[in-house]
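Hello,

Here is the structure I promised to pass on to you. Have a look through it first, and then read my notes below.

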Amino acid sequence: MKTIHSLAVATVLSVLSFGAFAQSVTATASTLDEAESLIAAKAQQAGASYKIIEANTNNNVHMTAELTK
């Protein structure tokens, strides 16, 4: 029973610690390259890496990325 409890606590703590370092950022520009450059600059400023999770083109480009440290 202690093992199951310990495993549950470890799982919860690992999820919480991952969430503490993740941040979502957005950028709007006229091209995909410009939007990604804005995202990259925000990531560099935060000292983090980024993963683009959404990009939408409709007259302009709207891009969302997740920053992780």
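**What I found**

The chain's secondary structure consists of two helices and three strands. Starting at the N terminus, the elements follow the order α-β-α-β-β. Please keep in mind that this is a predicted model, so let me begin with how confident the predictor was, using its pLDDT score.

**Confidence**

The average pLDDT over the chain is 81, and 70% of the residues score at least 70. Where is confidence lowest, and where is it highest? Helix α1 (residues 2-21) has the lowest, with a mean of 51, while α2 has the highest, at 96. Within residues 5-13 the pLDDT is below 50, and that stretch makes zero contacts in the model beyond near neighbours in sequence. I would read that part of the picture with care.

**The sheet and its helix**

The three strands form an open sheet in the order β1-β3-β2, and their pairing is antiparallel. β1 (23-29) and β2 (49-58) are the edge strands, each pairing on one side only. From one strand to the next, the twist averages 20 degrees. Helix α2 (residues 32-46) packs on this sheet and touches β1, β2 and β3, and its direction makes about 145 degrees with that of β1.

How many bridges join β1 to β3? There are seven, and β3 covers residues 60-68. If you would like to trace this pairing yourself, Ser24 has Glu66 as its bridge partner in β3, and Ala27 has Met63.

On the other side, β2 and β3 are paired antiparallel over nine bridges. These two strands make a hairpin with one residue between them, where Asn59 takes a positive phi near 75 degrees.

**Two residues to look up**

Try Thr64 first, which sits in strand β3. Is Thr64 buried or exposed? Thr64 has a relative accessible area of 12%, so it counts as buried, the cut-off being under 20%. Glu54 stands opposite Thr64, and a polar contact of 2.8 Å links the side chains of Thr64 and Glu54. Setting aside neighbours within four places in sequence, Thr64 also has contacts with Ser24, Val25, Thr26, Ile52 and Ile53, among others.

Now turn to Lys51, in strand β2. Lys51 has a relative accessible area of 58% and is therefore exposed, because that word applies over 50%. Which residues does Lys51 touch, not counting those up to four places away in sequence? They are Ala65 and Glu66. You met Glu66 above as the bridge partner of Ser24. You can also try measuring from Lys51 to Ala40: they are 11 residues apart in sequence, and their C-alpha atoms are 9.6 Å apart in space.

**The chain as a whole**

Finally, a few totals. The chain has 69 residues, of which 17% count as buried. Its accessible surface is about 5,200 Å², and carbon and sulfur atoms account for 59% of that. Among contacts with a separation of 6 or more, 48% are between residues 24 or more positions apart.

Enjoy exploring it, and write back with any questions.

Best wishes

Notes. Residues are numbered from 1 along each chain as its sequence is written. This is a predicted model: local features need pLDDT of at least 70, side-chain atom pairs count only at pLDDT 80 or more; totals for chains, interfaces and linings use all residues. Side-chain values use heavy atoms; hydrogens and water are left out. Two strands pair if DSSP finds at least two bridges between them. Helices (H or I, at least four residues) and strands (E, at least two) are DSSP runs, numbered from the N terminus. Axes are lines fitted to C-alpha atoms, for helices over the stretch in contact, and angles run from 0 to 180 degrees between N-to-C directions. Contact means heavy atoms within 4.5 Å. Buried means under 20% relative accessible area, exposed over 50%, partly exposed in between (1.4 Å probe, protein chains only). A polar contact is a pair of N or O atoms within 3.5 Å; within protein, one must be able to donate a hydrogen and the other to accept it, and residues adjacent in sequence count only if both atoms are side-chain atoms. pLDDT is the predictor's confidence in each residue, from 0 to 100. Accessible areas come from the Shrake-Rupley method with a 1.4 Å probe; for residues, only the protein chains shown count as cover.
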